[in-house]
Amino acid sequence: MTSNNTHKDWWKQAVVYQIYPRSFKDSDGDGLGDIAGITSRMGYLRDLGVDAIWLSPFYPSELADGGYDVIDYRDVDPRLGTMDDFDAMVAAAHSQGLKVVVDIVPNHTSDRHPWFQEALGAAPGSAQRERYIFREGRGCDGEIPPNDWLSMFGGSAWQRVDDGQWYLHLFARQQPDLNWKNPDVHEDFIRTLRFWSDHGTDGFRVDVAHGLAKDLSSRSLEELGRWPSQAQPTADGDHPLWDRPEVHDIYREWRRVFDEYDPPRFAIAEAWVAPEHQHLYASEKELGQVFNFEFAKANWCPQELRTAIVKGLDCAREAGSTTTWVMSNHDVPRHASRYALPQVRTRGYHQIANDWLLRNGESYIEDRDRGTRRARAAIMLEAGLPGSVYVYQGEELGLFEVADLPWDRLEDPQSRNSRGPFCVKGRDGCRVPLPWRADDEPRPAAWNPKFGEGASFGFSPQERAGSPACEPHLPQPLWFRHFAVDREDNDPTSMLQLYRKALSLRQTLLTATRDTGLTLLTTESFDDRSTIAYSRMTTRKDRRFVSITNFGSEPVPLPHGTVVLASADPLGDSIPQDTTVWMLTDV
Ligand code: BGC
């Protein structure tokens with residue numbers, strides 16, 4: 001067990017590795033990653049130096065939204081394994097000293113969930129329909145949706161059912177929103193939290209945590225539909241859909257469940273709310289932690305990243321918790337690609353994600369050397385900070401976004417619903433199955449020679465019950481060969497080796513102190529227009545840790561001290577552009 005994980009509040013300073021299960025490792029050759037595949041790579045995860053793994057949904061699902069459309073919250077999708085496989089995976093993780101976090105999706109179920117099927121079969125106004133948000137439509141025959149809200153994936157947020165009523169789905173049509181005013185919903189999620197906790201799960205990631213409480217009754221739906229920005233929470237707590245004050249009652253209820261366990265379970269909120277509201281979700285009376293997406297939204301620009309750091313630390317202070325640092329996840333374009341684009345201030349990744357420049361796959365210009373150099377500097381900038389670091393599978397290999405996936409192979413509902421000049425390919429480009437072995441190289445595919453077929457860089461075994469394995473569920477580009485785990489394993493200069501060294505030093509020098517203090521340094525050499533420099537106490541009483549990132553074109557002189565890690569070589573006596581250096585200096 002890492003020394004961090006011996007503590008009850010291990011999650012306050014953890015490195016958590018996000019697994020997108022369908023794309024991590026396939027153990028049975030059906031082209032889909034699975035639970036046994038994760039178990040088979042536990043040694044890899046331990047050697048990487050992470051404290052925990054977080055699994056995106058692996059529950060039975062129609063895959064209308066990558067598994068975030070859950071049919072049964074207390075089971076494993078048969079294509080991904082069984083509950084026994086899950087238990088074996090947890091046991092393997094624990095035996096390597098790793099914690100396990102699972103994803104809870106409480107805003108909506110799948111339309112195949114038994115509750116929704118019952119609701120469809122029941123009459124308007126019935127108890128079955130009350131678990132969801134059904135309303136009458138407008139117009140003479142109720143043929144117009146109850147209001148003009150849009151789904152986050154495009155099109156109306158209302159879907160009509162056979163008897164004429166409409167149900168609300170803020171995401172895909174196959175993801176009806178639950179009604180959190182209904183006690184059945186509360187009870188069922190409490191059962192789910194206990195179920196996974198009893199199966200050894202150490203924590204939960206809460207999907208769309210800011211969306212559960214909705215107010216659809218204080219004004220007419222039409223009036224509510226005129227809300228200035230339907231997609232963005234307001235800071236006054238008066239938005240009908242997002243970040244309402246009542247949502248916190250739900251998490252206080254959940255906290256009582258977490259505290260039934262020893263050590264108490266923890267949770268982290270995915271809450272896209274104003275930075276000044278984040279701390280409410282992270283309070284110790286509620287979930288414990290909240291994703292700080294400000295870091296992921298920032299461009300490779302010292303002003304934006306420094307603001308993200310300061311806001312993250314402020315939020316942690318207010319919550320009495322620690323913050324989190326995230327650069328990539330299954331929803332955003334990979335940061336090695338984001339940093340490889342021209343860095344234009346104020347274009348957060350939201351804009352980039354929906355931007356034809358990155359996600360239509362044909363017309364963006366990516367400077368990969370620059371993206372790699374910055375991604376190396378970025379992980380060191382991030383990993384030296386106090387709080388928890390979330391690493392998304394494949395970023396440790398330096399993977400880029402696969403932006404040119406063919407349209408007819410896409411799975412993400414964002415791509416299906418987008419039309420016209422601003423059509424987007426959605427989020428599949430960061431969800432392509434991982435390359436494990438360079439020598440299991442596919443041949444150029446007949447349908448597009450940039451992609452492979454016939455093998456999968458070790459993602460799937462070569463055979464499935466005596467026949468060749470199926471193709472990976474999303475095609476892998478041939479350039480993945482340069483990023484295969486075995487190749488990076490043997491290259492001391494690879495991204496993988498840098499992650500291993502950085503995470504190991506973070507653990508021994510910084511996390512082991514349990515201290516979360518940080519001093520931002522601004523000196524004549526480290527001016528805040530082109531550098532981010534900070535210092536922290538270390539396990540060595542006579543030495544301080546200093547991290548310096550130089551973003552500017554002018555080299556920055558190395559201060560006096562010992563360099564323990566640098567993101568780029570050679571260093572000489574100064575720090576070149578797009579480089580982070582970690583040093584130990586005298587106190
Ligand atoms: C998840 C997405 C998902 C959405 C709806 C998000 O926040 O991270 O992947 O599409 O919730 O469940």
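**Where two domains meet, and some unusual backbone spots**

The C-alpha centres of domain 1 and domain 2 sit 32 Å apart. Twelve residues from domain 1 and eleven residues from domain 2 make up the contact. This is a predicted model, and its chain is split into four pieces: domain 1 (3-98 + 292-489), domain 2 (108-177), domain 3 (186-273) and domain 4 (518-586). Domain 1, then, is written as two stretches of the chain, 3-98 and 292-489.

How much area do domain 1 and domain 2 bury between them? The figure comes to about 960 Å², with 57% of it on carbon and sulfur atoms. On the domain 1 side, the residues that lose the most area to domain 2 are Ile71, Tyr73 and Asn417, which together account for 39% of what that side buries. As for what holds hands across the boundary, there are five residue pairs in polar contact, both partners being at pLDDT 80 or more, while the count of salt bridges between domain 1 and domain 2 is zero. Sorted by class, the side of domain 1 that touches domain 2 has six nonpolar, two polar and four charged residues. Charged residues are thus present on that side of domain 1, yet the salt-bridge count between the two domains stays at zero.

Next comes a helix. Helix H8 covers residues 275-282, and its buried residues are His277, Gln278, His279, Tyr281 and Ala282. What lies over them? The cover includes three helices, H7 (247-258), H9 (294-297) and H10 (302-319), along with two strands, E8 (266-269) and E9 (288-290).

Helix H7 and strand E8 turn up again with a backbone oddity, as the loop between them holds Pro263. The peptide bond leading from Asp262 into Pro263 is cis, with omega near 0 degrees.

Two other loop residues stand out for their phi angles. One is Asp243, in the loop between helix H6 (221-225) and H7. Its phi is near 55 degrees, a positive value in a residue that isn't glycine. Is Asp243 buried or exposed? Its relative accessibility is 3%, so Asp243 counts as buried, the cut-off being under 20%.

The other is Phe457, which belongs to the loop between strand E13 (448-453) and strand E14 (463-464). Phe457 isn't a glycine either, but has a positive phi of about 50 degrees. With a relative accessible area of 0%, Phe457 is buried.

Methods: Residues numbered from 1 in each chain as written. Predicted model: local features only at pLDDT ≥ 70, side-chain atom pairs only at ≥ 80, totals over all residues. Heavy atoms only, no water. Domains from an automatic or database assignment. Contact = heavy atoms within 4.5 Å. Buried area = accessible area lost by both parts, 1.4 Å probe. Salt bridge = Lys/Arg side-chain N within 4 Å of Asp/Glu carboxyl O. Polar contact = N/O pair within 3.5 Å; in protein donor to acceptor, adjacent residues only side chain to side chain. Nonpolar A, V, L, I, M, F, W, Y, C, P; charged D, E, K, R; others polar. Buried < 20%, exposed > 50% of the residue type's maximum accessible area, 1.4 Å probe, protein only. Helix = DSSP H or I, 4+ residues; strand = E, 2+ residues; numbered from the N terminus.
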